[in-house]
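Got the viewer open and a selection box ready? Here is a short walk through the model, one stop at a time.

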Amino acid sequence: KCKSLAGVLVSVPGILDEGASRVLFSPTLHWTEKVDLAALVRQVWKLPVVLVQEERALALGHQYVTPEREDFLLVDFGDGVGGAVLVAGKLQASSLPISGELGHTPVRDNARPCGCGAVGCLETLVSTRGLMQSFAAAHPEARASWVALENHIRQQGVEPWLAAALEAAAIVIAGALPVIGLRHVVLTGTLAALPPAVL
């Protein structure tokens with residue numbers, strides 16, 4: 001048990017102004033846009049509070065456990081799809097708070113509405129919700145759950161709907177790599193937890 005804390009770091013999904021500790025837009029947690037999240041946390045702990053975009057926090061954690069890997073693009077799949085870039089052991093900084101939002105890249109022939117207000121975003125296909133929605137549409141007789149999806153992949157392999165979603169994710173990631181000048185990718189989250197047939 002830690003006897004003294006220097007501060008509290010809060011990992012937050014979406015787009016935020018880290019300097020001002022303010023959530024600007026969170027497609028998956030809209031309520032955080034309307035509150036002073038740092039102030040809420042300070043009501044519990046009377047300490048300095050730092051908000052860090054969730055994928056950037058994941059990238060720092062990955063770099064901590066694998067310090068030999070100093071340059072990579074981390075892509076996290078979960079409620080959304082986001083990314084962070086680490087170069088020479090440091091987080092890539094950007095003047096725009098939307099950097100790393102790979103999940104909001106439009107995918108051709110995808111008509112699903114996204115929580116961001118757009119239509120056809122990658123995360124509507126490969127986020128946890130998107131995968132469940134596709135699985136349920138392909139197998140209306142099955143009870144859609146993450147366990148059912150995992151078992152189905154183990155038994156049946158990668159079906160066309162899943163192959164198309166994975167290909168869309170691969171195209172977005174492959175398109176980002178030459179732009180940022182990196183060759184290593186770290187996949188985290190639910191997609192990386194699927195059976196090996198997926199990866």
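**Stop 1: strands 1 and 4**

Start by selecting residues 8-12 and 49-53: strand 1 and strand 4 pair there in the parallel sense, over 5 bridges. Keep in mind as you click around that this is a predicted model. For a register check, find Val8, which stands opposite Val49 in strand 4.

Now turn on side chains along strand 1. Val8, Val10 and Val12 point to one face and are buried, while Leu9 and Ser11 point to the other face and are not. As background, side chains in a regular strand alternate between the two faces of the sheet.

**Stop 2: the loop between strands 2 and 3**

Next, pick Gly19, in the loop that links strand 2 (15-17) to strand 3 (22-25). Gly19 is exposed, at 78% relative accessible area. Add Val50 to the selection: 31 residues separate Gly19 and Val50 in sequence, yet their C-alpha atoms are 8.7 Å apart.

Stay in this loop for Ser21. Is Ser21 buried or exposed? Ser21 counts as buried because its relative accessibility of 17% is under the 20% cut-off. Check the backbone too: phi of Ser21 is near 50°, which is positive even though the residue is not glycine.

For another positive phi, jump to Asp109, where the value is near 65°, again in a residue other than glycine. Asp109 sits in the loop between strand 7 and helix 3, and is exposed with a relative accessible area of 77%.

**Stop 3: the open sheet**

Colour strands 5 to 8 next. These 4 strands form an open sheet in the order 7-6-5-8, with mixed pairing. At the edges are strand 7 (90-91) and strand 8 (185-189), each pairing on one side only. Strand 6 and strand 7 pair in the antiparallel sense over 2 bridges, and Val87 stands opposite Lys90 in strand 7.

Bring in the helices now. Helix 2 (residues 54-65) lies across strand 5, strand 6, strand 7 and strand 8, running at about 125° to strand 5. Helix 6 also packs on the sheet, touching strand 5, strand 6 and strand 8, and its direction makes about 155° with that of strand 5.

**Stop 4: helix 4 against helix 5**

Select helix 4 and helix 5 and look down on the crossing. The two pack at an angle of about 65°, with axes 10 Å apart, and the crossing is left-handed. Show Thr128, Leu131, Met132 and Phe135 on helix 4, then Trp146, Ala148, Leu149 and His152 on helix 5: these residues make the contact. By type, they divide into 6 nonpolar, 2 polar and no charged.

**Stop 5: the nonpolar cores**

Which residues of the largest nonpolar core touch the most other members? Of its 30 residues, select Phe77, Leu122, Val126, Leu131, Leu149 and Leu194. Among the elements that each supply at least two residues of this core are strand 5 (72-77), strand 6 (81-87) and helix 3 (123-126). Helix 6 gives the most, with 10 residues.

Zoom in on Leu149. Leaving aside neighbours within four places in sequence, Leu149 is in contact with Leu131, Met132, Phe135, Trp161 and Leu194.

Finish with a second, separate core of 10 residues, which includes Val10, Leu37, Val41 and Leu51. Val10 takes you back to strand 1, where it is one of the buried side chains.

Technical notes:
Residues are numbered from 1 along each chain as its sequence is written. This is a predicted model: local features need pLDDT of at least 70, side-chain atom pairs count only at pLDDT 80 or more; totals for chains, interfaces and linings use all residues. Side-chain values use heavy atoms; hydrogens and water are left out. A nonpolar core is a set of buried Ala, Val, Leu, Ile, Met, Phe, Trp, Tyr and Cys residues joined through side-chain atoms within 4.5 Å. Buried means under 20% relative accessible area, exposed over 50%, partly exposed in between (1.4 Å probe, protein chains only). Contact means heavy atoms within 4.5 Å. Axes are lines fitted to C-alpha atoms, for helices over the stretch in contact, and angles run from 0 to 180 degrees between N-to-C directions. A crossing is left-handed if the near helix is turned anticlockwise from the far one by less than a right angle, and right-handed if clockwise. Ala, Val, Leu, Ile, Met, Phe, Trp, Tyr, Cys and Pro count as nonpolar, Asp, Glu, Lys and Arg as charged, and the others, Gly among them, as polar. Two strands pair if DSSP finds at least two bridges between them.
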